[in-house]
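The following exercises are to be worked with the sequence and the three-dimensional model at hand. Each task is followed by a solution in steps.

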Amino acid sequence: MKTLSENTCFGGTQHVVSHASDACACDMTFGLFLPAEAKDGPVPILWFLSGLTCNHENAMTKAGAQSWAAEQGIALIFPDTSPRGDNVADDEAYDLGKGAGFYVNATQDPWAPHFQMWRYLAEELPALLAENFPIDMTRQAITGHSMGGHGALTLAMSLPGRYRSVSAFAPIANPTQSDWGRKQLTAYLGADETEWTAHDATVLMLDKGFDGPVLIDQGTQDQFLDLLKPEALANAMTTRRQQGIFRMQPGYDHSYFFISTFMEDHVSFHAEALYGQ
């Protein structure tokens, strides 16, 4: 590992760290905020998965999460959205390749050698955090925005017992039925649509649900509503009678202004689960 920067932040420390990733076969970078309480022992952690075109910096600098996490004594991890490097496959389109990993393990060329984001987030990065930082890995929660909301929801429902709570801001909610999904799932996983369902939050909600509380915020003026398909996830939550809250926020769009407005709500929501029995 290599520490790229350390900054005092709300009484804690904001780290930026790079490391050689076995899963993605390249160097990966993440942001990690540790609150002041981490100096005295392990603290719970909230994962934030970012959306299309983002890297570790976007939410770390724009979401305003550190102030609320410091108040609650919670660490924040901001992973990258895809592998990086000169030898990593890419595409001219913004919604495929670098910055658009979609949190899956690619099986198709040219993506398979590096685009192993599911394994990176579910296995490699948690192990690295547990070994090197004062984090209580028995108390984890996860959130994300857009493509990252998709990743947060699918990881949470597919790894029962891992996360105590899950939330999302404007998630890509039904990618198997959306152009933000069908294109990428075909490229990364192939044309067999049965391989896609493990990465669709709406399908997983109907099939498995989540073993804890769920919070979804979606803006009514989101310019990508037709691609996100929030109604599919809302209907699935109702059908399953999932413990959760689904909020349509009037006037808000897809930007970080929307995320930062409701970030306190999400951190408080996760803190209740992380510190509960």
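A residue is called buried when its relative accessible area is under 20%. The model is predicted.

**Exercise 1. Determine which residues of helix α3 are buried, what covers them, and where the helix is kinked.**

Solution. Step 1: apply the cut-off along α3, which spans residues 117-132. The buried residues are Met-117, Trp-118, Tyr-120, Leu-121, Ala-122, Glu-124, Leu-125, Pro-126, Leu-128 and Leu-129.

Step 2: identify the cover. It includes the strands β2, β3, β4, β5 and β6 (135-144), together with helix α4 (147-158).

Step 3: follow the helix axis. At Glu-124 there is a kink of about 35 degrees, shortly before the proline Pro-126.

Step 4: examine one buried member, Leu-129. Not counting residues up to four places away in sequence, Leu-129 touches Phe-30, Leu-32, Ile-45, Trp-47, Ile-77 and Ile-135. In the largest nonpolar core, which has 92 residues, Leu-129 is listed with Phe-30 and Tyr-188 as touching the most other members. In soluble globular proteins, nonpolar side chains tend to be buried together.

**Exercise 2. Establish which strands pair with β3, and whether β3 is largely enclosed or open.**

Solution. Step 1: take the partner β2 (residues 12-21). Nine bridges join β2 to β3, and the two strands run antiparallel. Within this pairing, Ser-18 stands opposite Thr-29.

Step 2: inspect the connection. β2 and β3 form a hairpin with four residues between them, and Ala-25 in the turn has a positive phi of about 55 degrees.

Step 3: take the partner β5 (residues 75-78). Three bridges join β5 to β3, again in an antiparallel arrangement. Here Gly-31 stands opposite Phe-78.

Step 4: assess burial. Eight of the nine residues of β3 (residues 26-34) are buried, so the strand is largely enclosed by the rest of the structure.

**Exercise 3. Locate His-56 and state what it is in contact with.**

Solution. Step 1: His-56 lies in the loop between β4 (43-49) and α1 (57-62).

Step 2: its relative accessible area is 10%, so His-56 counts as buried.

Step 3: leaving aside neighbours within four places in sequence, list the contacts of His-56. They are Val-16, Thr-29, Phe-30, Gly-31, Phe-78, Pro-79 and Asp-80.

**Exercise 4. Describe the aromatic pairs Trp-180 with Phe-224 and Phe-258 with Phe-262.**

Solution. Step 1: a search of the whole structure finds 11 aromatic pairs. One of them, Trp-180 with Phe-224, is tilted, at 4.8 Å centre to centre and 40 degrees between the planes.

Step 2: place the two rings. Trp-180 belongs to helix α5 (residues 179-189) and Phe-224 to the loop between β8 (214-219) and α7 (225-228), so this pair ties together parts that are 44 residues apart in sequence. Trp-180 is buried at 4% relative accessibility, whereas Phe-224, at 25%, is partly exposed.

Step 3: turn to Phe-258 and Phe-262, an edge-to-face pair at 5.8 Å centre to centre and 65 degrees between the planes. Because they are four residues apart in helix α9 (residues 256-275), about one helical turn separates them. Phe-258 is buried at 0% relative accessibility, and Phe-262 is buried at 10%.

Step 4: find the wider group. Phe-258 and Phe-262 belong to one aromatic cluster with Phe-48, Phe-78, Phe-169 and Tyr-252.

How values were computed. Residues are numbered from 1 along each chain as its sequence is written. This is a predicted model: local features need pLDDT of at least 70, side-chain atom pairs count only at pLDDT 80 or more; totals for chains, interfaces and linings use all residues. Side-chain values use heavy atoms; hydrogens and water are left out. Buried means under 20% relative accessible area, exposed over 50%, partly exposed in between (1.4 Å probe, protein chains only). Two strands pair if DSSP finds at least two bridges between them. A nonpolar core is a set of buried Ala, Val, Leu, Ile, Met, Phe, Trp, Tyr and Cys residues joined through side-chain atoms within 4.5 Å. Contact means heavy atoms within 4.5 Å. Rings of Phe, Tyr and Trp (its six-membered ring) pair if their centres lie within 6.5 Å; planes under 30 degrees apart count as stacked, over 60 as edge-to-face and the rest as tilted. The bend at a residue is the angle between axes fitted to the seven residues ending there and the seven starting there.
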